[in-house]
Amino acid sequence: MITIIAEKPSVAKQISRVVSAMIKKKGYYGGNGYAVTWAYGHLVELAGSEAYGVRAFRQESLPILPNEFQLVCRQKNKKDDESIMEQIQNIKNLFDHSKKIIVATDAGREGELIFRYLYQYLDCHTPFQRLWISSLTDKAIKDGLNNLKEGHDYDNLYLSAKARSEADWLVGINATQALTIAAGKGTYSLGRVQTPTLAMVCRRFLENKNFIPTPFWQMHFATDGKDKAIKFLSTEKWENKTEAEEVYQKVKAHKEAVITKVECKEKIEDTPLLYDLTSLQKDANVKYALTAEQTLSIAQKLYEQKVITYPRTSSRYIPDDVFAEIPKLLRTLADDEQWGALSMTIRKPSRRSADAAKVTDHHALLITGEKLEYPTKEEKLIYDLIVSRMLEAFSEKCVKEQTTVNVEIEGVPFVVKGTVVKKTGWRFINNEDADSDRLPNWKEGQSLPISGWGFNEGKTKPKPILTEAALLSEMESCGKEIEEADISEALKESGIGTPATRANIIETLIQREYMIRLNKQLIPTEKGLLIYDFLKDKQIADVAMTGRWEQTLSRIERGEYSPHDFRKGIEEYTSEIVKELLSLSDKFDHSEEQGIVCPKCGKGHISIYSKIAKCDNPDCGLLVFRQKAGKNLTDDQMNQLLTKGKTGLIKGFTSKQGKKFDANVAFDDNFNTIFVFEERKKSAKKGKSRK
């Protein structure tokens with residue numbers, strides 16, 4: 001038997017149909033000599049700090065640097081998730097009885113890690129091969145199965161993913177515990193990538209809010225064009241109003257101006273590159289206000305519907321063999337009401353996006369030629385963005401003629417610019433062919449009558465508060481403001497996060513209440529600004545340093561850098577940031593450090609964190625988890641429980657059967673939490689009285 005393991009059930013179902021293994025069994029599909037099973041994302045994860053025999057949130061325990069990382073079944077409320085354990089056992093049984101495993105998790109860093117962690121956790125030795133595909137069409141799956149890759153060809157990809165996972169653990173756990181200890185109360189969650197990302201958001205927000213506008217003055221005059229008035233603007237801006245007014249009084253006495261120079265230049269606008277995930281997320285945010293996470297989720301659904309290629313790509317290029325298929329792919333749009341006519345205008349596809357040397361694990365986003373059926377509104381928007389960009393990328397260049405006309409009055413230069421579109425090219429796809437700023441056919445030395453003068457005050461403006469699209473650009477380029485696509489591509493390796501993880505990083509910062517979305521803007525909260533104020537000059541908030549770590553991970557993936565040396569460097573970095581963060585203790589207010597007296601031992605004091613409340617008495621160690629039956633207790637409810645032994649009535653718990661219920665949370669005699677159903681007690685008493 002051959003076992004194929006996919007990343008999720010929906011993908012497993014598609015593969016099972018292709019290999020004719022459609023008999024539904026417990027945890028897999030079987031038939032035709034195959035078993036097609038699935039993960040639910042990460043079934044296995046790195047164990048928490050307690051697995052290494054250290055007491056959490058203790059200064060003497062830091063830094064926590066395990067010799068060997070342990071793997072555990074995915075946890076739920078600090079316990080093994082039963083449904084995950086059951087699927088792991090199903091997979092183990094299949095692996096143990098297979099002559100070969102075909103790895104069909106997503107073909108990328110994270111997909112590789114999902115399988116390798118599971119393989120290691122099960123201590124499996126069954127040989128495996130890799131299904132490496134960029135779309136889920138039947139043809140792509142069949143071609144992939146006929147051209148399986150040796151599993152160990154992707155060892156460097158796994159080592160890179162493993163190094164990233166362990167680095168995030170080391171920095172996240174140690175930094176979070178160090179700053180929380182320094183604070184003395186509350187929990188301050190930090191991360192290798194999330195903290196520099198927060199720093200970007202806070203820095204831009206404060207720059208914007210603290211910006212002091214500087215006034216300036218500028219002057220202009222108008223002359224009659226063929227169909228409308230044309231305005232010449234002074235090239236100089238004056239910061240001194242008195243000086244500007246004096247100059248203005250001189251120039252406005254003139255009734256005509258003589259052209260000193262006319263310059264015409266041909267401006268060629270190359271076709272845009274195809275989308276990778278980040279550029280798709282940016283455009284979806286700008287045009288439709290979709291978050292990065294929403295766009296990724298929608299793109300993933302379109303991928304699973306087989307209508308687009310693999311979305312978690314970091315490349316905007318395609319190899320030559322894929323480029324050769326583009327004419328046929330464009331023909332699949334011929335009957336499309338929206339795109340058919342436009343697709344037929346492309347006679348000879350532009351090669352700008354064809355460069356095999358710039359293709360990473362997966363090529364740029366393309367449609368597959370499969371028909372999109374019954375899409376949601378959002379799915380149609382994202383699909384159309386990908387189609388539109390594909391048509392633009394393979395169209396011709398846009399050619400414009402830009403004319404610059406200069407005049408000089410009383411020594412003050414004035415200028416006006418006009419543009420004529422000579423060849424619309426790729427801009428035709430989205431009807432961007434207007435040439436409304438055409439200038440008359442003026443000549444050097446020609447005298448122009450002045451029909452009016454103007455004198456305006458302006459003010460300098462701050463950089464805008466970051467939107468999600470702008471933050472993605474900052475993360476991609478490590479804060480460097482780069483507009484040229486080719487240079488931006490070169491900087492990607494030194495960005496922070498990856499296309500697949502950036503959406504999650506943004507959502508994590510929002511979930512931890514470090515920032516909020518306000519319209520399209522990302523606004524830091526008081527908590528976020530507090531953390532930034534403490535950490536802005538510390539290594540953990542250094543965007544450039546984080547970018548260098550990301551660059552090193554890419555080198556590990558290419559086999560150019562030792563994972564051991566990376567681990568050593570991360571451990572040294574972790575030790576340094578722990579010292580830096582613990583030294584911040586004197587910046588926090590510890591005047592009310594004692595807090596709630598422990599109800600169990602009566603000696604220690606309780607600290608309430610984001611997920612737990614904990615007694616600081618080592619001999620007691622009372623732990624109270626916030627989450628109960630799918631609901632997080634509020635700070636007030638935690639205080640009630642710890643001070644009175646019982647909360648008020650809380651609504652909206654969810655039972656294991658998925659049913660909603662209301663209850664009080666209380667301590668039993670051993671200080672374990674239990675549910676108390678007051679309404680049931682009252683009903684029982686009423687029943688007795690009726691008897």
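Reader: What makes asparagine 240 a cap on the N-terminal end of H7?
Author: A side-chain oxygen of asparagine 240 lies 3.0 Å from the backbone nitrogen of threonine 242. That 3.0 Å falls inside the limit for a polar contact (a pair of N or O atoms within 3.5 Å; within protein, one must be able to donate a hydrogen and the other to accept it, and residues adjacent in sequence count only if both atoms are side-chain atoms). Mind that this is a predicted model, where local features need pLDDT of at least 70, side-chain atom pairs count only at pLDDT 80 or more, and totals for chains, interfaces and linings use all residues. Residues are numbered from 1 along each chain as its sequence is written, and side-chain values use heavy atoms, with hydrogens and water left out.

Reader: Which residues of helix H7 are buried, and why do you put them on the same side?
Author: H7 spans residues 241-251, and Ala244, Val247, Tyr248 and Val251 are its buried residues (helices are DSSP runs of H or I with at least four residues, strands are runs of E with at least two, both numbered from the N terminus). They cover an arc of only 105° around the axis, so they share a side of H7; the arc is that of the directions from the helix axis to the C-beta atoms. An α-helix has 3.6 residues a turn, so residues three or four places apart point the same way. On the other side of H7, you'll find Glu246 and Lys250 exposed.

Reader: What do the buried residues of H7 pack against?
Author: Strands do the job: S12, S15 (398-409), S16 and S18 (452-459). Contact here means heavy atoms within 4.5 Å.

Reader: Why is the pair of phenylalanine 221 and phenylalanine 414 called edge-to-face?
Author: Their ring centres are 5.3 Å apart with the planes at 65°. Rings of Phe, Tyr and Trp (its six-membered ring) pair if their centres lie within 6.5 Å, and planes under 30 degrees apart count as stacked, over 60 as edge-to-face and the rest as tilted. The distance passes and 65° is over 60, so edge-to-face it is. The pair also ties distant parts of the chain together: phenylalanine 221 is in S12 (residues 215-224) and phenylalanine 414 in S16 (residues 412-423), 193 residues apart. The structure holds 26 aromatic pairs, and ring pairs join Phe221, Phe232, Tyr248, Phe414, Trp442, Trp453 and Phe455 into a cluster.

Reader: Then why is the pair of phenylalanine 667 and phenylalanine 671 called tilted?
Author: The centres are again 5.3 Å apart, but the planes stand at 55°, so the pair is tilted.

Reader: Is phenylalanine 667 buried or exposed, and what about phenylalanine 671?
Author: Phenylalanine 667 has a relative accessible area of 13% and phenylalanine 671 has 22%. Buried means under 20% relative accessible area, exposed over 50%, and partly exposed in between (1.4 Å probe, protein chains only). So phenylalanine 667 is buried, while phenylalanine 671 is partly exposed.

Reader: How do you know that serine 234 is buried?
Author: Its relative accessibility is just 2%, so it counts as buried. Serine 234 sits in S13 (residues 229-234), and its side chain reaches the backbone oxygen of glutamate 236 at 3.1 Å. Beyond its neighbours within four places in sequence, serine 234 is in contact with Gln218, Met219, Val412, Pro413 and Phe414.

Reader: What makes you say that lysine 237 lies over the face of phenylalanine 216?
Author: Lysine 237 is 4.7 Å from the ring centre. A charge sits over a ring if NZ of Lys or CZ of Arg is within 6 Å of the ring centre and within 35 degrees of the ring normal. Arginine 389 does likewise, its charged end sitting over the ring of tyrosine 275, 4.4 Å from the centre.

Reader: Why does tyrosine 374 count as exposed?
Author: At 79% relative accessibility, tyrosine 374 counts as exposed. You'll find it in the loop between H12 (340-343) and H13 (377-393), with phi near 50°, a positive value in a residue other than glycine. Alanine 289 also has a positive phi, near 60°; it is in the loop between H8 (277-288) and H9. With 45% relative accessible area, alanine 289 is partly exposed.

Reader: What makes strand S2 an edge strand?
Author: S2 (23-25) pairs on one side only, as does the other edge strand, S11 (149-150). The open sheet has 7 strands in the order S2-S3-S4-S1-S9-S10-S11, with mixed pairing. S2 and S3 pair in the antiparallel sense over 3 bridges, which meets the rule that two strands pair if DSSP finds at least two bridges between them.
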